[in-house]
Amino acid sequence: MKGELETFVLEPERFEFRALPMHQFALGRRDFFKVFGAGLAIFAVVKEASAAQETAPGPQGFHNEELPKQIGAWLHIGEDGTVTGFVGKAEIGQNVRTSLAQTIADELGVAFENVRMVLADTAVTPFDAGTFGSRSTPTMTPQLRKVASAARDLLVEKAAKQWNAQAEKLVAGNGKVTDPASGKSLRYAELAREDVAQQKPPAEDPVKPASAWTIAGQPLPKVDGREFVTGRHRYSTDLRPDGLLHGKVLRPPSFGATLVAYDDSAVKGMTDVVLVRDGDFVGAAATTVAGAEAALAKLQVKWKELPQISDREIFPYLKNNAEPSKEERFRKMKGSLAEGMAAAAKRLEASYTVAYIAHAPLEPRAAVAQWIDGKFTVWMGTQRPFAVRDDLAAIFHVPAENVRVIVPDTGAAYGGKHTSDAGLEAARLARAAGGRPVKLVWTREEEFTWAYFRPAGLIEVKGGIAADGKLTAWEFHNYHSGMSAIDTPYAVANVLTEYHQVPLVLRSGSYRGLAATANHFARETHMDSLARTAGLDPLAFRLANLSDVRMRAVLLAAANAFGWPRQKMEENQGFGVAAGCEKGSYVATFAEISVEAKTRAIRVNRLVEAFECGAIVNPDGLRNQVVGAMIQGLGGALFESIHFENGRISNARFSSYRVPRFRDVPKIEAILLDRKDIPSAGAGETPIMAVAPAIGNAYFDATKVRLTSLPLQSQSG
Amino acid sequence: MAESIPLEINGKKYAVNYAPDTPLLYVLRDELGLTGSKYGCGEGMCGACTVLLAGVARRSCQIAVNAVAGRPILTIEGLDKDGELHPVQQAFLDAGAFQCAYCTSGMIMSTVSLLQANPHPTPEQIVQGLQGNICRCGAHPRIIEAVQKAAGSVKGRAQ
């Protein structure tokens, strides 16, 4: 394994579904050694370590930035032996702070306890397009291994020179270089003290294969767990810098409303309030939240509203407003559908719908911004700190180097914290606050209303199977929800797959797994229908049409743990299966449910999921992610749905938008397949995908009624 | 309109000048810097702001600050003593019962309240006791495991 990185260009519709900026404002590194101690970084260039080139859509289109080649940009060895890793990814609960530290410790040969990570700070970490698309592990793990491996080799070279020994005979590990022959040893910190700038890393620089990992691959606990159980960790919402003002934004009554009358004369006399009107943006900052709210309440404003469609009309609207496919990549054909359908013994056609849902991270969007001497500092829970930096620079007409965005470990995101909104709003207020920092914390209602949603979708599927149960034709149209996992993993000769773009109705963007959940729901429900139509076992039918060994492996592992096929023990019991792959990882989910006879309410009693994402970096963190995705997936599967009418969200509260709670959680088993021979893929998204279709298929097993809409409960009850 | 309101939080006495109907949560967080209690919904539906009022779990976003004048309030910051974690905190840490951990303070405070009232809850009683606390990351099975572990250690300490 050479550790080189693939060149990675995002397909926006597959890895990103971009929410547009909310406001149009009219208004217009490398000093970390001071913080971390001088002279101890290694200033060598690492060969081939910076091929990774992520791009991501931003307000100015696609953003590219060279990743630094210097080891010192990624790694620093302190006088006390502490190793600091610098990565632009954000910790949002997915456990990268721990897993990346494990990777460095493992490759460099230092104790895990001696590695700490500096994450997502635009002033000190290398550029990063964002923490999304399950990219942190597949890009940053090899990058850090390459860098750590080069650093370790340089330290060995240095020791060899000092001892006049052969480098190959020295051993690096446990934070030091040792000469087994003489018994001499030098700590990394002592060696790194020397100027090694002239040293060149060896041309061949293999990193450790997963089979030789000692610290990576271990179920180590979250590094700073103690900070969290004591309540001492500071999220963005918890920051209280000196002189802090609290901000509040005046929200329009409905989406797209414009400000047509504005009278602030009642606020003019209030000396302790910073009031900003900039286009349709109106906000206030005061020493208390109540003070800012009071000021906004005194304004006389009028909004012009627009008529907008409601949730009742959404699916016909999506079908009728689809734009013709402009790009080849949206429409994929193989073989002849007509021939495939003609050859089929059974044909089946169905439409599936998926509702808008909200991320609802428990920490709402929030930011603290400060403007001093033409420079912004913004602390913010975001998945894309460098994009926030660029947005701020563009909007406030300052050079990007005058904007620093720092991401405190964040109260989750699930794909929902890609936009700059809260940061821009706090910065707009701070720009007027005379150097005082301004904190803006969105309320839960704002979070549910003004963030963005996982887009609704309509999916039309036609399938045909021959008498022997083999697929002969597959036609799949996704309207609006997205392209993630749109291609069928099953072997079929005649295929048409098309993604139909539709202009946005509600502000929409990325959500954990993107459209992979919608596409898997439609595909795996349809596969189940085909199997049932032909009188075949749903698992056997899938396996008969599947050549992908990794997908077969997860199906078989989960089936074995679940005990498929199962006999019903009671009338309204049902069992279902669904499987899939996306972003380099594989999942199979089995569900056992019961359906309440009168109300048709679905009770999920047991979920068994097998997941495989290559070599596992931290099995404990991975299990947490997989189980968490399964539970989060229950919400979208069963009951989550955003209701909207005329530009207003009518269930923008936890009392009216139901998310999974303890009583909803079934017995859960997660089976993790560790493939040490396959590079590690990300794991944050794929484990959510097969939950909904597995439950829907179990519902059919229980009732002989086919559910075709998410959330399922909206159709079953 | 603001008057001085005496508060007793984590065994320490404070006097705050706040509008009497201000939710306790905002006084804790914005005035006293006790930010371990979190804002999650402002309507008592998520449990992230849970504190103990005279030993019983309450949603601090739903209590007016003047209603708790002089009554003992315990927040997450008052749970560990001299660097030693409370058994419930230790159990959450040992079970790795969190991901983003934004709900963790509230989960721990609700658990302390639950175990004080019922030192040996059944799984159903744990679910009932934590039903008002939302975890969006899906750490529920580990949280239940942590509560069960803590129940054991609380018992162990009492013996």
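In this predicted model, A:V378 has A:V405 as its bridge partner in β18(A). That pairing belongs to a pair of parallel strands, in which four bridges connect strand β17 (residues 375-380) of chain A with β18(A). Helix α11 (residues 385-396) of chain A lies across β17 and β18 of chain A and runs at about 150° to β18(A).

The wider sheet is open and mixed in its pairing, with seven strands of chain A in the order β11-β12-β9-β19-β16-β17-β18. At its edges stand β11 (274-278) and β18 (403-406) of chain A, each with a single partner strand, so one side of each is left without a neighbour in the sheet. On average, and with direction ignored, neighbouring strands of this sheet are turned by 20° against each other.

A helix pair of chain A may be described next. Helix α3 (residues 96-108) and helix α4 (residues 136-163) of chain A have axes that come within 8 Å and cross at roughly 30°. Because angles under 35 degrees count as roughly parallel, α3(A) is roughly parallel to α4(A). The crossing of α3(A) and α4(A) is right-handed. On the α3(A) side, the contact residues are A:V96, A:S99, A:L100, A:T103, A:I104, A:E107 and A:L108. Their counterparts in α4(A) include A:M140, A:L144, A:R145, A:A148 and A:R152. By class, the residues of this contact of α3(A) with α4(A) divide into eight nonpolar, six polar and three charged.

Chain A as a whole is divided into domain 1 (12-227), domain 2 (236-305 + 365-441) and domain 3 (321-357 + 453-716). Between domain 1 and domain 2 of chain A, the contact takes 30 residues from domain 1 and 31 residues from domain 2.

Chain A also meets chain B, in a contact that takes 47 residues from chain A and 42 residues from chain B. Five helices of chain B, namely α1 (24-31), α2 (87-95), α3 (104-117), α4 (123-130) and α5 (140-158), each supply at least two residues of the side that touches chain A.

The table sets out the residue classes of the contacts described above.

| Residue set | Nonpolar | Polar | Charged |
|---|---|---|---|
| Contact of α3(A) with α4(A) | eight residues | six residues | three residues |
| Side of domain 1 of chain A that touches domain 2 of chain A | 15 residues | 11 residues | four residues |
| Side of chain B that touches chain A | 23 residues | 14 residues | five residues |

Definitions and conventions: Residues are numbered from 1 along each chain as its sequence is written. Chains are lettered from A and ligands numbered from 1 in the order in which they are written. This is a predicted model: local features need pLDDT of at least 70, side-chain atom pairs count only at pLDDT 80 or more; totals for chains, interfaces and linings use all residues. Axes are lines fitted to C-alpha atoms, for helices over the stretch in contact, and angles run from 0 to 180 degrees between N-to-C directions. Angles under 35 degrees count as roughly parallel, over 145 as roughly antiparallel, 65 to 115 as roughly perpendicular and the rest as oblique. A crossing is left-handed if the near helix is turned anticlockwise from the far one by less than a right angle, and right-handed if clockwise. Two residues are in contact if their C-beta atoms, placed from the backbone, lie within 7 Å. Ala, Val, Leu, Ile, Met, Phe, Trp, Tyr, Cys and Pro count as nonpolar, Asp, Glu, Lys and Arg as charged, and the others, Gly among them, as polar. Domain bounds come from an automatic or database domain assignment. Two strands pair if DSSP finds at least two bridges between them.
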